[in-house]
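I opened the model to look up its overall dimensions, its strand pairing and its helix contacts. My entries follow in the order I made them.

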Amino acid sequence: MDWDKFRKELSVQLANLPQPAPIDNQEQLEHSCESLTKAIQHIIVTQVLVTNITPKSKRWWTRELTQLHHQLNKLGRQSYDQRHDLGHAIHGAHVVASKQYQKLLDQTREHHWRDWLEKGEDLDIWSAHRLTSTPWGNGGKTRIPVLIHKVGEVEEQANTNQDKGCVLAKGFFPAKPPVDNSLDKFSYPPECKSEGVITTEQIHMQLKRLKPYKALGPDGITNIILTKSADLIIERLAHIYQAMLRGSLMYKPWKEFVTVILRKPGKPRYDTPKAYRPIALLNMMWKVITAIIANHITYITEKHQLLPANHFGGHPGRTTADAMHLLTNKVKAVWRIGKVTSVLFLDIEGTFPNANLERLVHNLRKRRVPTAYTGFVCNMLSHNPQI
């Protein structure tokens with residue numbers, strides 16, 4: 001990929017758009033988001049080469065390797081034609097090209113995996129372990145077999161793709177609980193006066209944290225595209241993000257996502273819906289602002305001590321290992337005085353897709369989170385944003 005040419009073409013496209021300015025209403029927000037998205041998508045279509053993915057495709061393969069491979073094959077044919085003339089110069093050229101190709105192949109492969117591991121997080125470490133410990137496969141596509149599910153007390157089968165999709169969606173996204181009308185009369189404490197501003201530095205830091213090879217969302221814009229063009233779009237994103245936070249504005253196309261169904265590894269059978277799990281492929285420009293807002297809320301909870309001392313989720317610097325150390329200490333402390341310890345673990349099924357939006361916003365306001373952030377959360381998770 002010629003990134004210099006990509007950046008140059010994107011600069012030309014952005015120069016044809018209105019200059020970035022503060023956004024005051026929904027119409028301006030939609031125009032800014034739509035024009036920026038289309039400008040990036042246009043450059044992707046014209047400048048980015050599309051690779052046909054096959055079961056034998058390598059994620060680290062580059063266009064330079066393809067060109068060298070073609071050149072090596074050409075020299076190999078010419079060398080074969082001169083196989084009776086061992087002193088011909090083409091044999092030496094073929095050997096040099098072969099060494100150059102092999103050296104670039106090894107360097108590209110090593111650089112790709114080293115870059116992936118260095119920028120990896122906890123989930124990537126487990127992915128690396130899975131790649132190195134699982135047996136070899138043929139790389140073929142996984143097919144979801146006929147799903148057996150219950151309707152009441154009767155077992156039924158889902159044979160078509162549409163039926164399978166409906167069965168999986170029903171399991172992944174159960175019906176939400178009824179709305180609690182008593183929350184309307186609740187008297188909330190005064191909110192923290194810590195509403196932040198989304199700065200270009202925060203956006204740039206978040207763009208640097210993006211993993212370059214993550215799967216893309218419905219808009220077709222990958223992480224590496226945003227990373228390489230950060231300095232060109234960061235000012236426009238700052239105005240857009242600030243309008244979303246301060247003005248409670250939303251751009252609906254950015255909220256769209258694709259749900260991909262994956263098998264849970266190690267299951268004895270895959271003809272039941274519970275043997276699968278969903279992942280959401282979000283639009284990356286939307287993912288950036290949600291990460292920034294999450295950092296803002298985390299900062300507020302730490303500064304004003306809004307979470308209990310024994311709460312581990314959402315606390316920076318606290319891990320599962322810390323929770324296990326605390327649990328072990330509590331159990332042994334009780335044993336020392338001759339008593340018995342009982343521990344209750346709850347595995348709540350469908351917690352995140354079944355979250356009650358009203359209750360979530362209620363809990364945030366009870367903990368004095370500023371209304372700018374609770375409004376953003378409400379608009380983010382609502383089908384009908386409160387604009």
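**Overall**

I counted the secondary structure of the protein first and got 14 helices and 4 strands. I note here that the model is predicted.

I then looked up the dimensions. The radius of gyration of the protein is 27 Å, whereas a compact globule of 387 residues would have one near 21 Å. Along the principal axes, I find that the C-alpha atoms fill a box of roughly 95 × 60 × 50 Å.

**Hairpin of β1 and β2**

I turned to strand β1, residues 147–151, and strand β2, residues 154–158. They are paired in the antiparallel sense, and I find 5 bridges between them.

I looked up two positions in the pairing. His149 has Glu156 of β2 opposite. Lys150 has Glu155 of β2 as its bridge partner.

Which residue of the hairpin takes a positive phi? I found Gly152, with phi near 75°, in a hairpin that has 2 residues between the strands.

**α7 against α9**

I next took helix α7 (residues 200–209) and helix α9 (residues 230–246). Their axes lie 9 Å apart, and the packing angle is about 125°. I entered α7 as oblique to α9, because the angle is neither over 145 degrees nor within 65 to 115. The crossing in which α7 passes α9 is right-handed.

I listed the residues that make this contact. From α7 they are Thr200, Ile203, His204 and Leu207. From α9 they are Ala230, Ile234, Leu237, Ala238 and Tyr241. Sorted by class, the contact of α7 with α9 has 7 nonpolar residues, 2 polar ones and no charged ones.

**α9 against α11**

I stayed with α9 and looked up helix α11, residues 284–303. The axes of α9 and α11 come within 11 Å, with a crossing angle of roughly 60°. I entered this pair too as oblique, because the angle is not under 35 degrees and falls outside 65 to 115. α9 passes α11 in a right-handed crossing.

Which residues of α9 meet α11? I have Leu237, Tyr241, Met244 and Leu245 on the α9 side. On the α11 side I have Met285, Trp286, Val288, Ile289, Ile292 and Ile293. By class, I find 10 nonpolar residues in the contact of α9 with α11, no polar and no charged.

I went back to my α7 entry to check the names. Leu237 and Tyr241 of α9 are listed in the contact with α7, and Leu237 and Tyr241 are also listed in the contact with α11.

**α13 against α14**

My last pair was helix α13 (residues 357–366) and helix α14 (residues 371–381). I read a crossing angle of roughly 165°, and the axes come within 10 Å. The angle is over 145 degrees, so I entered α13 and α14 as roughly antiparallel to each other. Their crossing is right-handed.

For the contact, I noted Leu357, Leu360, Val361, Leu364 and Arg365 of α13. The residues of α14 in it are Thr374, Val377, Cys378 and Leu381. The classes in the contact of α13 with α14 come to 7 nonpolar, 1 polar and 1 charged.

Notes:
Residues numbered from 1 in each chain as written. Predicted model: local features only at pLDDT ≥ 70, side-chain atom pairs only at ≥ 80, totals over all residues. Heavy atoms only, no water. Pairing = 2+ DSSP bridges. Axes fitted to C-alpha atoms, helices over the stretch in contact; angles between N-to-C directions. Left-handed = near helix turned anticlockwise from the far one by under 90°. Contact = heavy atoms within 4.5 Å. Nonpolar A, V, L, I, M, F, W, Y, C, P; charged D, E, K, R; others polar. Rg over C-alpha atoms; globule rule 2.2 N^0.38 Å.
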